[in-house]
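Me: I am new to this structure and would like to understand the words used for it. Could you take me through them, with the reasoning behind each one?

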Amino acid sequence: MTDSDLVRRALACAPTDLFIGGAWRPAMNGATFPVTDPATGARIADVADADASDAVAALDAACDAQRGWAATSGRERSEVLRRAFDLVISHTEELSALITLEMGKPLADARSEVVYGAEFLRWFSEEAVRVGGRTAPAPEGTLRILTASRPVGPCLAITPWNFPLAMATRKIGPALAAGCTVVLKPASLTPLTAAALVDLLHQAQAPAGVVNLVTSSHAGHVCGPLLADRRLRKLTFTGSTPVGRSLLAQASHNVLRCSMELGGCAPFLVFDDADIDQAVRCAVTAKTRSNGEACNAANTFYVQRGVVEEFTDALTQAFARLTLGPGLDPGVDLGPLVSSSQRQEVASMVDQAVAQGAVRRTGGVVPESDGYFYPATVLADVPPDAAIATSEIFGPVAPVVSFDTEEEAVRLADRTDYGLAAYLHTADLSRVARIAERLEVGMLSVNTGPISNAAAPFGGMKHSGLGREGGSEGIGEYLECQYIGLPR
Ligand code: NAP
């Protein structure tokens with residue numbers, strides 16, 4: 001049974017207005033749009049539907065605050081972020097429930113997201129006081145070379161619905177630490193979690209204008225004018241590759257600094273010498289965490305022929321044990337997908353794979369329900385050239401493709417335009433080194449599951465993006481390097 005008191009407390013934490021210049025207010029034209037619960041299709045809130053004039057007002061506020069915020073000490077910025085970390089952690093239950101209500105992932109996954117997301121605030125509170133430069137003599141001895149780091153300036157942060165808290169803290173944390181101000185435009189499916197986070201940053205005493213929130217049901221109309229505005233200095237985006245591509249084109253006009261965290265299609269490689277029990281345990285997490293709606297989710301399982309039956313059987317049994325249901329209910333392992341269209345896409349991919357010769361081992365059938373549920377699905381004997389093997393699935397579906405040689409495995413794993421993450425299970429360390437050198441991916445997980453961590457650089461190669469979030473690399477995305485030359 002859903003805990004209705006928790007739902008009430010969660011919704012009470014999420015303002016439904018825009019946050020501009022340190023104050024909550026409705027959209028100028030009074031418009032709102034509904035937010036729905038994917039477990040039931042029911043409306044849970046109506047939030048302010050910003051238009052271009054609201055977005056420009058948010059950028060005005062960010063620009064007004066920029067100079068003052070950049071002039072604060074690293075320690076002051078650090079302490080705002082540290083207070084925000086404490087507040088997020090102390091609201092773990094409410095934020096988790098909001099995430100589950102808006103996008104469907106089970107409460108346990110939502111709690112993990114809150115902890116993961118909060119860590120970016122703590123990590124970057126620690127990085128804020130370590131921004132520096134370097135000094136060196138010019139080789140000819142004629143100059144003193146000094147470098148200084150300066151905040152890039154006002155940033156537009158656009159975030160997706162699948163990690164509505166963590167994708168925002170992964171951007172706001174380093175931006176604020178570096179001394180940048182932010183206009184946040186969250187996904188229209190998940191504005192409530194973003195609003196709750198912004199309210200906590202306000203409570204953490206982020207000065208007026210440093211973080212602004214613009215919720216909207218027409219993203220292009222609110223982001224377009226900001227990207228065209230010469231005062232904006234940076235675009236930081238997480239979302240799909242097609243939208244990212246179009247935003248990059250728009251950002252080129254004002255030569256914006258861009259950080260792009262885009263789509264993924266992570267191969268999960270299992271070799272004959274792998275520990276199969278461990279590989280299956282990791283496969284379940286890497287595939288079904290957050291309902292499989294994660295950019296770094298294992299997408300396609302490439303399994304060496306000697307262990308493919310054993311692996312597929314064990315994965316099928318593990319998937320068949322997972323409980324599908326409303327994410328707020330106790331004991332649920334898989335919640336609904338975020339929307340009816342998302343479920344339709346996943347179901348069509350599965351049907352098409354079956355038509356191409358794949359065999360459903362478990363799942364693969366849409367259940368009767370008002371919610372957008374899709375069961376954990378294992379597809380065996382998937383032809384290597386089936387579309388599902390090279391498309392971002394974004395659902396709890398595991399296509400298994402067999403291979404014979406390491407050469408073939410690398411070729412199959414590396415053939416897409418994506419290059420975000422890969423998973424590798426083998427007992428052979430020299431194989432790990434060989435494959436790491438050959439796969440064009442930003443992140444390689446070896447004999448384990450997902451490896452995201454605030455202290456590590458997250459990001460992709462090829463069409464999976466530009467730049468890194470987290471780690472000591474993350475803050476550099478929000479800093480300009482200035483070189484000062486002095487005579488010796
Ligand atoms: P999406 O459709 O690309 O949307 C992402 C964000 O962009 C949303 O806020 C969306 O607003 C906004 N947007 C859409 N069209 C826009 C436009 N013309 N101008 C400005 N903003 C626009 O992606 P999604 O479906 O929310 O998220 C899933 C995708 O994100 C997957 O491909 C996943 O791999 C990727 N992702 C990548 C990472 C990573 O770190 N690499 C992490 C998480 C997710 P609306 O909601 O209003 O459409």
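Me: What makes the pair formed by Glu-261 and the ligand a polar contact?
Reply: Happy to help! This is a predicted model, and in it an N or O atom in the side chain of Glu-261 is 3.3 Å from an oxygen atom of the ligand. A polar contact needs a pair of N or O atoms within 3.5 Å, so this pair counts.

Me: How much of the ligand does the protein cover?
Reply: The ligand has 910 Å² of accessible area on its own, and the protein covers 85% of that.

Me: What makes Arg-170 and Ser-188 polar partners of the ligand too?
Reply: For Arg-170, a polar side-chain atom lies 2.7 Å from an oxygen atom of the ligand. For Ser-188, a polar backbone atom is 2.9 Å from a ligand oxygen. With the limit at 3.5 Å, both distances therefore pass.

Me: Where does the ligand sit?
Reply: The ligand sits in the largest pocket. That wording is used because more than half of its atoms lie within 2 Å of the grid points of the pocket.

Me: Which elements give two or more residues to the shell around the ligand?
Reply: They are helix 6 (166-178), helix 8 (219-227), strand 10 (234-238) and helix 9 (241-252). Helix 8 gives the most, with three residues.

Me: How many residues surround the ligand, and which are the closest?
Reply: There are 29 residues around the ligand, and the closest are Thr-159, Arg-170, Ser-240, Leu-262 and Glu-392. They are counted because each has a heavy atom within 4 Å of the ligand. By type, the shell divides into 16 nonpolar, nine polar and four charged residues.

Me: Now for burial. Why is Asn-162 called buried?
Reply: Asn-162 has a relative accessible area of 5%, and buried means under 20%, so the word fits. Asn-162 is placed in the loop between strand 7 (155-158) and helix 6. Its side chain also reaches the backbone oxygen of Glu-293 at 3.0 Å.

Me: How do you know whether Phe-163 is buried or exposed?
Reply: The relative accessibility of Phe-163 is 7%, which is under 20%, so Phe-163 counts as buried. Phe-163 is found in the loop between strand 7 and helix 6. Along the chain, Phe-163 and Glu-293 are 130 residues apart, while 8.9 Å separates their C-alpha atoms.

Me: What makes Met-260 a buried residue?
Reply: Its relative accessible area is 0%, and the limit for buried is under 20%, so Met-260 belongs there. Met-260 is in strand 11 (residues 257-261). The C-alpha atoms of Met-260 and Gly-460 are separated by 8.9 Å, though the two are 200 residues apart along the chain.

Me: Why is Ser-472 called exposed?
Reply: Exposed means over 50%, and Ser-472 has 52% relative accessibility, so Ser-472 earns the word. You can find Ser-472 in the loop between strand 21 (465-466) and strand 22 (479-487). Ser-472 and Gln-66 are 406 residues apart along the chain, with 23 Å between their C-alpha atoms.

Me: And why is Leu-146 called partly exposed?
Reply: The value for Leu-146 is 27%, which lies between the limits of 20% and 50%, so Leu-146 is partly exposed. Leu-146 is found in strand 6 (residues 143-151). From C-alpha to C-alpha, Leu-146 is 5.8 Å from Arg-134, and the two are twelve residues apart in sequence.

Me: What is the phi of Asn-447, and why is Asn-447 called partly exposed?
Reply: Asn-447 has a positive phi of about 55° although it is not a glycine. At 26% relative accessible area, Asn-447 falls between 20% and 50%, so it is partly exposed. Its place is the loop between strand 19 (443-446) and strand 20 (461-462).

Me: How do you know which class Lys-462 belongs to?
Reply: Lys-462 has 29% relative accessibility, again between 20% and 50%, so Lys-462 counts as partly exposed. Lys-462 is found in strand 20, and its phi is near 50°, a positive value in a residue other than glycine.

How values were computed: Residues are numbered from 1 along each chain as its sequence is written. This is a predicted model: local features need pLDDT of at least 70, side-chain atom pairs count only at pLDDT 80 or more; totals for chains, interfaces and linings use all residues. Side-chain values use heavy atoms; hydrogens and water are left out. A polar contact is a pair of N or O atoms within 3.5 Å; within protein, one must be able to donate a hydrogen and the other to accept it, and residues adjacent in sequence count only if both atoms are side-chain atoms. Accessible areas come from the Shrake-Rupley method with a 1.4 Å probe; for residues, only the protein chains shown count as cover. On a 1 Å grid over the protein atoms alone, a cavity is a set of points where a 1.4 Å probe fits but cannot get out, and a pocket is an open set with protein on both sides within 12 Å along at least five of seven lines; lining residues have an atom within 4 Å of a point. Helices (H or I, at least four residues) and strands (E, at least two) are DSSP runs, numbered from the N terminus. Ala, Val, Leu, Ile, Met, Phe, Trp, Tyr, Cys and Pro count as nonpolar, Asp, Glu, Lys and Arg as charged, and the others, Gly among them, as polar. Buried means under 20% relative accessible area, exposed over 50%, partly exposed in between (1.4 Å probe, protein chains only).
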